[in-house]
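Thanks for sharing this one. Here are my notes, set out as numbered points, to be read with the coordinates open beside them.

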Amino acid sequence: MKQLADQWDARHETRDPRTIATFGFAQHNRRPEFRDVEYPWVRNTVTCIDDDPADDVVVERLQHYFPDGGTVAVHIRDAGRMKFLKVGRGADDERDSFVLDGETDDEGPLQATGYTSMGMMVDAVYCGDDWIDAHLR
């Protein structure tokens with residue numbers, strides 16, 4: 001995989017951040033301990049970068065390839081890390097309620113509206129002590 005990534009880099013002047021994210025995830029996903037021990041719940045995965053619009057990633061890519069839900073691997077470029085978000089299949093159009101693992105719920109999960117980036121979604125899910133609102137609690 002590294003050889004393939006190096007060949008890609010040799011043909012292109014600048015490194016595309018989405019290509020880096022894809023090859024990075026593929027490199028980790030090849031290891032059995034990553035797939036079976038560390039992250040066994042990471043399946044049916046699409047990759048993206050933190051600046052990608054959440055609507056584009058979840059609605060256009062993830063639901064196109066994995067309509068029953070899956071995982072988004074978000075490359076957080078500033079931190080040089082990858083975070084994973086598990087995404088359900090979303091709203092049931094006929095009943096206008098959310099379906100999570102076969103259970104319906106009137107109060108849906110976290111939703112992206114307007115221009116929400118995948119980095120914002122990761123921050124919302126993996127919030128830490130560095131959030132400004134931590135001082136307000």
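1. A word on terms before anything else: helices (H or I, at least four residues) and strands (E, at least two) are DSSP runs, numbered from the N terminus. Residues are numbered from 1 along each chain as its sequence is written. The model is predicted, with local features needing pLDDT of at least 70 and side-chain atom pairs counting only at pLDDT 80 or more, while totals for chains, interfaces and linings use all residues; side-chain values use heavy atoms, with hydrogens and water left out.

2. On the overall layout, the protein chain has five helices and six strands. Along the sequence these follow the pattern α-α-α-β-α-β-β-β-β-β-α. Of the chain's 137 residues, 29% count as buried (under 20% relative accessible area; exposed is over 50% and partly exposed in between, with a 1.4 Å probe and protein chains only).

3. Let me take strand β1 (residues 45–49) next, where five of five residues are buried. Thr45, Thr47 and Ile49 lie on one side and Val46 and Cys48 on the other, and both faces are covered. Strand β1 runs parallel to β2 (residues 70–76), joined to that strand by five bridges; two strands pair if DSSP finds at least two bridges between them. Within this pairing, Cys48 has Val74 as its bridge partner, and Ile49 has His75.

4. The connection between these two strands is worth a look in the viewer. Together with helix α4 (residues 54–65), β1 and β2 make a right-handed β-α-β unit. Right-handed here means that, with the strands pointing away from the viewer, the path from the first strand over the helix to the second runs clockwise.

5. How much of β2 is buried? Seven of its seven residues are, so β2 is largely enclosed by the rest of the structure. Strand β2 also pairs with β3, in the antiparallel sense and over seven bridges. Val74, already met as the partner of Cys48, stands opposite Lys83 in β3, and Val72 stands opposite Leu85. The two strands form a hairpin with four residues between them, and Gly80 in the turn has a positive phi of about 65°.

6. Two loop residues deserve a comment. Asn44, in the loop between α3 and β1, has a positive phi of about 50° although it is not a glycine. For context, most residues other than glycine have a negative phi. Asn44 is partly exposed, because its relative accessible area is 41%. Gly69 lies in the loop between α4 and β2 and counts as buried, at 12% relative accessibility. The C-alpha atoms of Gly69 and Arg89 are separated by 4.4 Å, with their positions 20 residues apart along the chain.

7. Now the aromatics, of which there are seven pairs (rings of Phe, Tyr and Trp, taking the six-membered ring of Trp, pair if their centres lie within 6.5 Å; planes under 30 degrees apart count as stacked, over 60 as edge-to-face and the rest as tilted). Phe25 and Phe34 make an edge-to-face pair, because their planes are at 75°, with ring centres 6.3 Å apart. Both of these residues are buried. Ring pairs link Phe25, Phe34, Tyr39, Trp41 and Phe84 into a cluster.

8. Phe84 brings strand β3 into that cluster. Phe84 counts as buried because its relative accessibility is 6%. Its C-alpha is 6.5 Å from that of Thr71, and the two are 13 residues apart in sequence.

9. Which ring does the charged end of Lys83 sit over? The ring is that of Tyr126, with the charged end 4.7 Å from its centre. The criterion asks for NZ of Lys or CZ of Arg within 6 Å of the ring centre and within 35 degrees of the ring normal.

10. Finally, the second largest pocket has a volume of about 310 Å³. Of the 18 residues that line this pocket, the closest to its centre are His28, Arg81, Met82, Lys83 and Phe84. The elements giving two or more residues to the lining are α2 (17–29), α3 (32–38) and β3 (81–87), and α2 gives the most, with six. On method, a 1 Å grid over the protein atoms alone is used, and a pocket is an open set of points where a 1.4 Å probe fits, with protein on both sides within 12 Å along at least five of seven lines; lining residues have an atom within 4 Å of a point. Grid points are joined across faces, edges and corners, and the volume is the space filled by probe spheres set on the points.
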